[in-house]
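Here are a few exercises to work through with the structure open in your viewer. Try each task before you read its solution.

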Amino acid sequence: VMAGAVAGTPGTMPTNWITFTALTGLTREIVGASTEDGINYLEIHLSGTPSAAGTYSIYFETSTGIAALDTQVWSESTFARLTGGTLTGITLAHQVDMRDGAGAFLAALTGSTFVPTSAALRTQRTQSTVTLNNASTAFVMPYILLTLSGAAIDVTLRIGVPQMELKAIVLREITYIACSYLQV
């Protein structure tokens, strides 16, 4: 399922997952980890009144877990379902941090936004593609970015099978060699 996840407040995120926010006033609860329609998921509940407008990040990998290079094209995807509360005052987007060889932050690339509903998890796969644009990039760190308006929130999200893939673009050049036979 989601290895290492432990339900509780705040609970324990799955192995290599972390959350980050500079905001205060929010409570994180890991509701549980299981499967829905064969999709492994983590269910996370966020509530409270943030100290200001800002962001809350749910990272799916460590800062040195996915090797990458400048100009590569990467696709991030996940399943996401709203299982409780509302998205009032919250915008969700795929995000990718570019990290240097030591895992230090270089810059972030924001992908597409998405709005999960209460429909079945299997029907809500979201995807975003970014092109890395920092010459010092050695690693990428995918996550979901929740942008908060500063108003009180109460939301429970089911997040399934996050994935990061190098989108290889292979240009194949086919050369035809014309052969002619001369008959003498």
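**Exercise 1. A pair of strands and its turn**

Keep in mind that this is a predicted model. Task: find how many bridges join β2 to β3, and which residue in the hairpin takes a positive phi.

Solution. Start with β3, which covers residues 39-48. β2 and β3 run antiparallel, and 10 bridges join them. For a spot to check on screen, look at Gly32, which stands opposite Glu43 in β3. Then move to the turn: the hairpin has two residues between the strands, and Asp37 is the one with a positive phi, near 50 degrees.

**Exercise 2. The whole sheet**

Task: work out the strand order of the five-stranded open sheet, and say which strands stand at the edges.

Solution. Step one is the order: β2-β3-β11-β6-β9, with antiparallel pairing. Step two is the edges. β2 (26-36) and β9 (125-131) each have a single partner strand, so one side of each is left without a neighbour in the sheet. Step three is the twist: neighbouring strands are turned by 30 degrees against each other on average, ignoring direction.

Now zoom in on β6 (residues 73-85) and β11 (residues 153-166), an antiparallel pair with 10 bridges. Here you can pick out Gly85, whose bridge partner in β11 is Val155.

**Exercise 3. A threonine in a strand**

Task: decide whether Thr126 is buried or exposed, and find which side chain makes a polar contact with the Thr126 side chain.

Solution. First place the residue: Thr126 sits in strand β9. Its relative accessibility is 16%, and the cut-off for buried is under 20%, so Thr126 counts as buried. Next, look for a polar partner: the side chains of Thr126 and His94 are joined by a polar contact of 2.7 Å. Leaving out residues up to four places away in sequence, Thr126 also touches Glu76, Ser77, Thr78 and Phe114.

**Exercise 4. Nonpolar cores**

Task: find which residues have the most contacts inside the largest nonpolar core, and which element gives this core its largest share.

Solution. The largest core has 24 residues, and Ile58, Leu146 and Leu157 have the most contacts inside it. Elements giving two or more residues to this core are β3, β4 (54-59), β6, β7 (90-99), β10 (139-148) and β11. The largest share, four residues, comes from β11.

Follow Ile58 outwards: beyond four places in sequence, its contacts include Trp17, Ile44, Leu146 and Ile159. Finally, look apart from this core for another one, of 10 residues, including Ile66, Ala68, Val130 and Leu132.

Methods: Residues are numbered from 1 along each chain as its sequence is written. This is a predicted model: local features need pLDDT of at least 70, side-chain atom pairs count only at pLDDT 80 or more; totals for chains, interfaces and linings use all residues. Side-chain values use heavy atoms; hydrogens and water are left out. Two strands pair if DSSP finds at least two bridges between them. Axes are lines fitted to C-alpha atoms, for helices over the stretch in contact, and angles run from 0 to 180 degrees between N-to-C directions. Buried means under 20% relative accessible area, exposed over 50%, partly exposed in between (1.4 Å probe, protein chains only). A polar contact is a pair of N or O atoms within 3.5 Å; within protein, one must be able to donate a hydrogen and the other to accept it, and residues adjacent in sequence count only if both atoms are side-chain atoms. Contact means heavy atoms within 4.5 Å. A nonpolar core is a set of buried Ala, Val, Leu, Ile, Met, Phe, Trp, Tyr and Cys residues joined through side-chain atoms within 4.5 Å.
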